[in-house]
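Grab a coffee and work through these exercises with the structure open beside you. Each task comes with a solution that goes step by step.

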Amino acid sequence: MKKGRLLELTGREFEILVLFARNPNIAFTRERIFDRVWGMEAVGDMATVTVHINNLREKIEEDPSNPQMIQTIWGVGYRFHPA
């Protein structure tokens, strides 16, 4: 919920959020996120991870341009910092 409203997440957005929530403050590379969410057998572009992260930020962050929960760790990837 955000501001009393249920969030509508895609299946992949939800899976990314679950991965982060189960592993708070642990940095994941885009490749690791892709492997864990899409599966190691999947073929795809790592940019899809970035797109899904940005969409998720738009839905859960108060200010998506200055994310506090899904943080970018430059040179590594992303980590979830629970509020």
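**Exercise 1.** Find the residues that Arg12 contacts, leaving aside its neighbours within four places in sequence.

*Solution.* This is a predicted model, so treat each step as a reading of a prediction.
- Start by placing the residue: Arg12 sits in helix 1.
- Now look around Arg12, skipping neighbours within four places in sequence: Val37, Trp38 and His52 are in contact with it.
- Next, check its accessibility. The relative accessible area of Arg12 is 30%, which falls between the 20% and 50% cut-offs, so Arg12 counts as partly exposed.
- Finally, go to Asn25, 13 residues along the chain from Arg12: the two C-alpha atoms are separated by 20 Å.

**Exercise 2.** Work out how helix 1 and helix 2 are oriented to each other, and list the residues that meet.

*Solution.*
- Locate the pair: helix 1 covers 11-22 and helix 2 covers 30-38.
- Take the geometry. The two helices, helix 1 and helix 2, pack at an angle of about 115°, and their axes are 10 Å apart.
- Classify helix 1 against helix 2: they are therefore roughly perpendicular to each other.
- As for handedness, the crossing of helix 1 and helix 2 is right-handed.
- List the contact. Helix 1 brings Arg12, Glu15, Ile16, Leu19 and Phe20, and these meet Ile33, Arg36, Val37 and Trp38 of helix 2.
- Sort that contact of helix 1 with helix 2 by class: six residues are nonpolar, three are charged and none is polar.

**Exercise 3.** Which phi value does Asn25 take, and where does this residue lie?

*Solution.*
- Recall the background: most residues other than glycine have a negative phi.
- Then read the angle: Asn25 has a positive phi, near 65°, though it is a residue other than glycine.
- Place it on the chain: Asn25 belongs to the loop between helix 1 and helix 2.
- Check accessibility: at a relative accessible area of 44%, Asn25 is partly exposed.

**Exercise 4.** Do the packing analysis for helix 3, taking helix 2 and then helix 1 as the partner.

*Solution.*
- Begin with helix 2. It packs with helix 3 (residues 47-60) at an angle of about 80°, with the axes 9 Å apart.
- Classify that pair: helix 2 and helix 3 are therefore roughly perpendicular to each other.
- Name the residues: Arg30, Ile33, Phe34 and Trp38 of helix 2 make the contact with Ala47, Thr48, Val49, Thr50 and His52 of helix 3.
- Count by class: this contact of helix 2 with helix 3 has five nonpolar, three polar and one charged.
- Move on to helix 1. Helix 1 and helix 3 pack at about 80°, their axes 10 Å apart.
- Classify again: helix 1 and helix 3 are therefore roughly perpendicular to each other.
- Here the contact is made by Arg12, Glu13, Ile16, Leu17 and Phe20 of helix 1 and by His52, Ile53, Asn55, Leu56, Lys59 and Ile60 of helix 3.
- By class, the contact of helix 1 with helix 3 has six nonpolar, two polar and three charged residues.

**Exercise 5.** Trace the hairpin: how many bridges join strand 1 to strand 2, and which residues pair up?

*Solution.*
- Find the strands. Strand 1 is residues 70-73 and strand 2 is residues 77-80; they run antiparallel, joined by four bridges.
- Pick out partners: Gly77 in strand 2 is the bridge partner of Ile73, and Gln71 stands opposite Arg79.
- Inspect the turn. Three residues lie between the strands of this hairpin, and Gly75 takes a positive phi near 85° there.

**Exercise 6.** Is Phe80 buried or exposed, and what does it touch?

*Solution.*
- Place it: Phe80 is in strand 2.
- Apply the cut-off. With a relative accessible area of 10%, which is under 20%, Phe80 is buried.
- List its contacts, not counting residues up to four places away in sequence: Phe80 touches Leu17, Phe20, Ala21, Pro24, Asn25, Ile26, Met69 and Ile70.
- Compare sequence with space: Phe80 and Thr29 are 51 residues apart in sequence and 12 Å apart in space, C-alpha to C-alpha.

Terms used
Residues numbered from 1 in each chain as written. Predicted model: local features only at pLDDT ≥ 70, side-chain atom pairs only at ≥ 80, totals over all residues. Heavy atoms only, no water. Pairing = 2+ DSSP bridges. Buried < 20%, exposed > 50% of the residue type's maximum accessible area, 1.4 Å probe, protein only. Axes fitted to C-alpha atoms, helices over the stretch in contact; angles between N-to-C directions. Parallel < 35°, antiparallel > 145°, perpendicular 65-115°, else oblique. Left-handed = near helix turned anticlockwise from the far one by under 90°. Contact = heavy atoms within 4.5 Å. Nonpolar A, V, L, I, M, F, W, Y, C, P; charged D, E, K, R; others polar.
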